[in-house]
Amino acid sequence: MSAISVDERRLALPTRIRGPVVVRFDGRYVWSFVPDRDGARCATGRTPAWHVPWPAPLSPLLDGTATVRLEGRGNGLVHFEEPVAFRNNPRVLTLEDGRGARLSVDRAGHLTRVFGATDGGDRAAVVAGTARALADLRERVGIDAHLSYGALLGAVREGRMIDHDSDTDLAYLSRHTHPADVVRESYRIERELRALGWKVVRMSGADLKLFLPLDDGRSVHVDVFAAFHVGETFFQLGGRSGRLPASALTPASTVVLEGVELAAPADPAQVLAFLYGAGWRVPDPSFQPDDPPDGVRRLDGWLRGARTDVVEWNELFRDRRRELPRGGSGFARWVDSRSPAGSEVVDLGSGNGRDAVFLTRRGHRVRAYDYSGAAIRQTRRRLRRLGDAGAEVGVLPLNDLRATLLAAAELARIERPPTIYARQLLGCLDAEARDNLWLLCATALRRGGTVVAEFLASGPDAEPADATGLVRRLDPAVVAAEVERHGGRVDQIDVGPGEGFLDEPDPYVARLEARWLTTTQHWPTTSQKEPITMTAPTRRRLTGLPTWLRELARSVEENRRLNRRVAELTDVVAELLVPLADRDEARARELLQRYRESTLAP
């Protein structure tokens with residue numbers, strides 16, 4: 001046991017330890033990992049060891065004393081069991097949420113209450129809610145939905161939910177074989193679920209998250225994944241792809257989960273072998289899928305983007321809210337000093353509402369938009385406490401062209417030309433989302449107004465953008481070129497000392513002011529400064545290939561992305577633009593509101 005050490009930074013284990021390792025604090029499940037997958041081989045003195053860092057959401061909470069037990073999966077072998085005083089704190093370490101429920105790291109790497117720490121009543125409520133979602137999807141929406149992933153695995157293997165899981169998963173086989181049609185079908189499903197009373201959040205072009213409220217005040221997620229065939233290849237959201245016949249999925253069979261009979265794939269064993277591999281019958285809390293890279297790349301290009309990093313942003317605003325600055329930022333004070341009293345301000349990427357509240361107090365009429373549910377709730381609460389009960393706070397995922405066009409149509413109807421305010425937003429967006437942002441500005445500022453933005457700029461000795469890992473530095477010249485390519489005119493762009501996302505001092509902070517001429521209209525073109533969906537490893541591999549092959553790879557990625565944009569545009573035209581054509585302003589506002597409620601309500 002002396003060969004193993006544990007502290008608040010990492011675990012160090014001998015390299016002879018392989019396979020899954022389960023971590024318990026005071027007998028309670030906390031996390032599981034595989035040393036040679038999740039750690040790095042390091043030399044400790046003369047003895048090599050695996051150094052495994054704690055998961056990012058867990059590490060900041062390791063402050064106190066607990067008996068740490070490291071055990072092999074299912075074989076009773078104990079590698080380590082000793083009291084550990086994290087950060088030399090003798091206080092008993094309790095990993096609990098605000099309601100006193102113990103927390104663990106789930107299979108997705110999030111710190112949450114897993115089913116092993118959920119009492120029987122709540123487990124029954126989760127299963128009942130899952131049954132209701134299945135019934136609505138099958139009987140009301142008209143798709144052959146069934147249990148999938150962990151919910152199916154637990155039902156078939158044990159008849160109960162897996163202890164280290166935290167949500168339930170559903171899937172359905174789409175009748176469509178073109179990704180754009182799969183996305184449009186998912187939009188229809190989302191609208192019909194909202195009409196049935198479900199709170200729905202879209203995670204990608206064909207991946208929905210339903211919120212199931214429990215009596216104790218928390219919500220459990222029910223994920224709804226699309227599956228479809230393209231040629232002979234089967235794809236299922238969650239990253240899976242390969243060969244799986246439709247006969248394995250539909251028509252549905254049934255399985256029993258926690259005593260309740262629920263719809264399942266036609267051949268559950270065949271589907272589980274596809275999802276988890278041949279060893280699916282053996283419990284493995286450390287399981288991580290090894291999805292085919294080509295399939296992941298295709299799914300990313302066809303369907304991903306609408307909610308990039310939303311889970312991480314929600315965790316930041318929910319779990320680290322005490323670390324986030326609350327008063328008005330220096331940029332908000334600068335904008336206020338340059339704006340007429342009572343002006344219209346549109347706060348894009350409003351975060352916890354700090355600047356929306358400050359600018360409201362200064363007498364401006366503020367509309368706020370974000371795509372993080374946790375951020376939106378905090379902004380609404382703070383504005384209501386301020387006395388602005390009617391404050392307009394909306395959902396805006398800028399990777400979603402539908403959401404962009406909807407917000408642009410709403411803002412174009414503001415009585416006075418607005419100031420579009422974007423503090424530390426640009427560095428959170430990829431090239432596609434920035435394209436959509438400039439499209440929004442070109443539409444919303446057609447009668448005048450300005451966009452003012454502050455972002456972290458690149459520099460010769462610039463440090464990483466910030467501690468969140470969610471903000472990137474941008475070249476001001478690239479940003480200015482994007483604005484001009486979309487028909488805008490940059491009036492000012494300066495770089496100097498300022499403050500970053502968390503108000504940390506930074507020597508390279510850019511401030512931009514731009515406007516659009518009312519007679520200029522440009523349809524956005526894809527930025528050529530960075531790939532749309534290509535991952536960094538793929539990009540590195542391609543740098544050694546001939547130029548023509550790199551350009552071909554880029555074109556393929558862009559064409560895959562066009563499938564989603566075609567679906568988004570078609571949905572907007574059919575549901576919004578055609579009905580707006582009669583130019584009835586009252587009808588137009590009603591349609592805009594209905595589209596927002598049926599499509600983007602948080």
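**Exercises on strand pairing and helix packing**

Valine 21 has glycine 72 of strand 7 as its bridge partner. The model is predicted, with local features needing pLDDT of at least 70 and side-chain atom pairs counting only at pLDDT 80 or more, while totals for chains, interfaces and linings use all residues. Residues are numbered from 1 along each chain as its sequence is written, and side-chain values use heavy atoms, without hydrogens and water.

**Exercise 1.** Find which strands pair with strand 7 (residues 64–72), strands being DSSP runs of E, at least two residues, and helices runs of H or I, at least four, numbered from the N terminus.

Solution. Pairing requires at least two bridges found by DSSP. Strand 3 (residues 21–25) meets strand 7 through 5 bridges, in the antiparallel sense. Strand 8 (residues 78–86) is also antiparallel to strand 7, with 8 bridges. Glycine 64 has phenylalanine 86 as its bridge partner in strand 8.

**Exercise 2.** Check the length of helix 4 (residues 179–195) against its expected span.

Solution. The expected span is 1.5 Å times one less than the number of residues. For 17 residues this gives 24 Å, and the end C-alpha atoms are 25 Å apart, which agrees. Just after helix 4, glycine 197 has a positive phi of about 100 degrees.

**Exercise 3.** Decide whether helix 4 is enclosed or not.

Solution. Buried means under 20% relative accessible area (1.4 Å probe, protein chains only). The buried residues of helix 4 include Val182, Tyr187 and Leu193. Of its 17 residues, 12 are buried, so helix 4 is largely enclosed by the rest of the structure.

Note on methods. Buried < 20%, exposed > 50% of the residue type's maximum accessible area, 1.4 Å probe, protein only.
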